[in-house]
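Dear colleague,

Please find below the structure that I am handing over to you. My notes on it follow directly after the coordinates.

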Amino acid sequence: MTVVTSSRPEGVTMKEPALVVEGLNVGTGSTRLVKNISFTIRAGERVGLIGESGSGKSLTVTSIMGLLGEGLTATGSIRMAGVPHDLVDATQKQFAALRGRQVAMVFQEPMTALNPTMRVLDQVAEGMLAHGTAPGKRQAREAALDLLRKVQLPDPERAAKAYPHQMSGGQRQRVVLAIALANDPMLLLCDEPTTALDVTVQAQMLQLILSGVRERGSALLFITHDLAVVATICERLLVMYGGRIVEAGPVQRVLSAPQHPYTRGLLEASELDASDENGRLPTMSDHVRAQSVYTQDPEWIGDPEDGYAKVILGGAA
Amino acid sequence: MDMLKYVGTRFVIFVVSIFVASVVVFGFMAVLPGDPAVVALGVNASPDAVAALRAEFGTDRPLAVQYLDWVGGLLTGDFGTSYVTRNPIGPIISDRLAVTSWLVLCAMAVALVTALPLGTLSALRHRKASGLAISFGSQIGIAIPAFVMGIALVYVFAVWLRVLPSGGWVVPIQDPGGFIQHLVLPVLSLGLVQGAILTRYVRSATLDVMREDYIRTARSKGLSGLPIVTRHILRNSSIPVVTVLGLQLTTLLIGAVVIERVFVVPGLGSLLLDSVANRDLLTVQGVVMVLVLAALIINFVVDILYTVLDPRLRSS
């Protein structure tokens, strides 16, 4: 793919995109749930994806993984660096070769994400054996134990032999992260990985995710409701609303000077000491109308330089 | 330690159940009308002769003494002497039990061999024609009672094709070939119907597991197809299936009573029905106790199997 450089301001160097999503639609037969979204993630870049429940964040991420539920279909284009085919048209076999290798995922709910009848070490080693990144069972287990150390599980030798029910939620989420990082993925997808954890554990988990992607040079797409989390770990931010990306840009700029009314509402609603003259907290309805009456085609607010797929891809798409 | 406690608790429950069962079985037989001595001698027998026979049978003693005598005998494998045939009951029961065990265990094997692959396959392909076809087939199988299946099999293989005997029994050591020939039809009648039922359970257990988050995790690692089934689905789906297996083994023991009638097989079921017809109460009591004991053993083994399959039960 050709990278168009002419429109880029001087001094800004853009890396090769790791992920290019263009005109992605996800829906069931007649209903479109994700509507024509486009974005890119550059190699090693950390991107946050925020928006309310039902805005299409998880659908976007699961369609990149090829794990959409029954009856859901994706159209458009999802391209990944080093992958010759479009992920939207990929077969399950093609996805299997990709998952856990080029793209990996950390899920929201650690309590149910691990197989209750399999030892933790085997669950981590499995991904390396599936992709042949470890030459044999013994080596895969050694590498898995090393990963368990890296995610700072207390007493990793003992944890390796444990079953998931013997661990806390935070420990299990570390194991899930170890599984995701096992094959040094080019892109790590995190779907609210800290939502189910208590606050003290959240910070440690975020640090682990951050150091994990930094060490590997992996790109990160991080779904969250937590604006503070976004500010801590992301470089760029995508805001989704009603199945569309309504705003995109560098984190600091979006959070300090939001352009879209929805983003403005989101920021105001997150300030808990703000209230109007009646002592009422600001709500989203002060800023945007209900999704059903919301404009059918909200304008794109954000600089194409902030990662709008069409610009980066240029004529290649 | 937790596991020992679990197994210990199960074992205590098992032993207490056996005791309660023996009291119930004995008590039920004791309250049934009909004095064995009168039955043996006929209604015209003199009171002296009846009293003498009662003394010989030991039925003139208090019930508690009779119970302890019976249970004490059971512990050493002595089921007493039949009031009707005057033969020891123990050896007869153990011969018949061997025959019924062949039927039940082979039928269970047939059920497992058909249900595990078919049930898993129909779950994996639950949106495809092949999966629906398996579901449909198993639904039909469930609707067929074992004895109807038996009669249909006899009609096809014994009457029409004339390749297998319609009934009877051969002792395995005497004639292994003939033994297998005689085993095939009764085992299929019992096994295919149970297999159809088990297929439904395997299918729904597999579907439940397939929707679990950890299967999504396994797929997100890059696993697909058979490794997902063998490494992640089967172990987890087998936990509810084992429960059903235990129930089915018990059902098969009871089902064998009817199938042994259809195929003239000298098993425990035939013995039970014959003894009831002959008013051979002590034999009925012995057979019922053996069946109850078998059911309790099956339940106990199922409870232990859970701990093997599910690590969550092994430790806290």
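In this predicted model, 28 residues of chain A are in contact with 19 residues of chain B. On the chain B side of this interface, two or more residues each come from helix H9 (213–220), helix H10 (226–262) and helix H13 (311–314). H9(B) supplies the largest share, with seven residues. Sorted by class, the side of chain B that touches chain A consists of eight charged, seven polar and four nonpolar residues.

Chain B itself contains 13 helices and zero strands. Its pattern along the sequence is accordingly written α-α-α-α-α-α-α-α-α-α-α-α-α. Along the principal axes, the C-alpha atoms of chain B fill a box of roughly 85 × 60 × 35 Å. The chain has 316 residues, and buried residues make up 33% of them. If one takes the contacts in chain B between residues at least 6 apart in sequence, 71% join residues at least 24 apart.

Chain A has both kinds of element, namely 11 helices and nine strands. Of its 317 residues, 45% count as buried. For contacts in chain A between residues at least 6 apart in sequence, the share that joins residues at least 24 apart is 67%.

Among the strands of chain A, an open sheet of three has the order S2-S1-S4, and its pairing is antiparallel. Strand S2 (31–42) and strand S4 (72–80) of chain A are the edge strands, each of which pairs on one side only. On average, and with direction ignored, neighbouring strands of this sheet are turned by 5° against each other. Strand S1 (residues 17–28) of chain A pairs with S4(A) in the antiparallel sense over eight bridges. Within this part of the model, A:Asn25 stands opposite A:Thr75 in S4(A).

Turning to the helices of chain A, I would draw your attention to helix H3 (residues 120–131), which is mostly covered, with 11 of its 12 residues buried. The buried residues of H3(A) include A:Val120, A:Leu121, A:Val124, A:Met128 and A:Leu129. Residues of other classes are also buried in H3(A), among them A:Gln123, A:Glu126 and A:His131. The cover over the buried residues of H3(A) includes helix H4 (137–150), helix H5 (156–161) and helix H6 (169–181) of chain A. After H3(A) comes A:Gly132, which has a positive phi, near 65°.

One residue of H3(A), A:Val124, is buried and also figures in the nonpolar packing. Which residues touch the most other members of the largest nonpolar core? In this core of 87 residues they are A:Val124, A:Ala178, A:Leu187, A:Leu189 and A:Val239. Leaving aside residues up to four places away in sequence, A:Val124 touches A:Ala144, A:Leu147, A:Leu148, A:Val175, A:Ala178, A:Ile179 and A:Ala182. A second core, separate from the one just described, has 56 residues, including B:Leu188, B:Ala196, B:Val202 and B:Val290. As a general background to both cores, nonpolar side chains in soluble globular proteins tend to be buried together.

Yours sincerely

Conventions. Residues are numbered from 1 along each chain as its sequence is written. Chains are lettered from A and ligands numbered from 1 in the order in which they are written. This is a predicted model: local features need pLDDT of at least 70, side-chain atom pairs count only at pLDDT 80 or more; totals for chains, interfaces and linings use all residues. A nonpolar core is a set of buried Ala, Val, Leu, Ile, Met, Phe, Trp, Tyr and Cys residues joined through C-beta atoms within 7 Å. A residue is buried if 20 or more other C-beta atoms lie within 10 Å of its own, exposed if 12 or fewer, and partly exposed in between; C-beta atoms are placed from the backbone. Two residues are in contact if their C-beta atoms, placed from the backbone, lie within 7 Å. Helices (H or I, at least four residues) and strands (E, at least two) are DSSP runs, numbered from the N terminus. Two strands pair if DSSP finds at least two bridges between them. Axes are lines fitted to C-alpha atoms, for helices over the stretch in contact, and angles run from 0 to 180 degrees between N-to-C directions.
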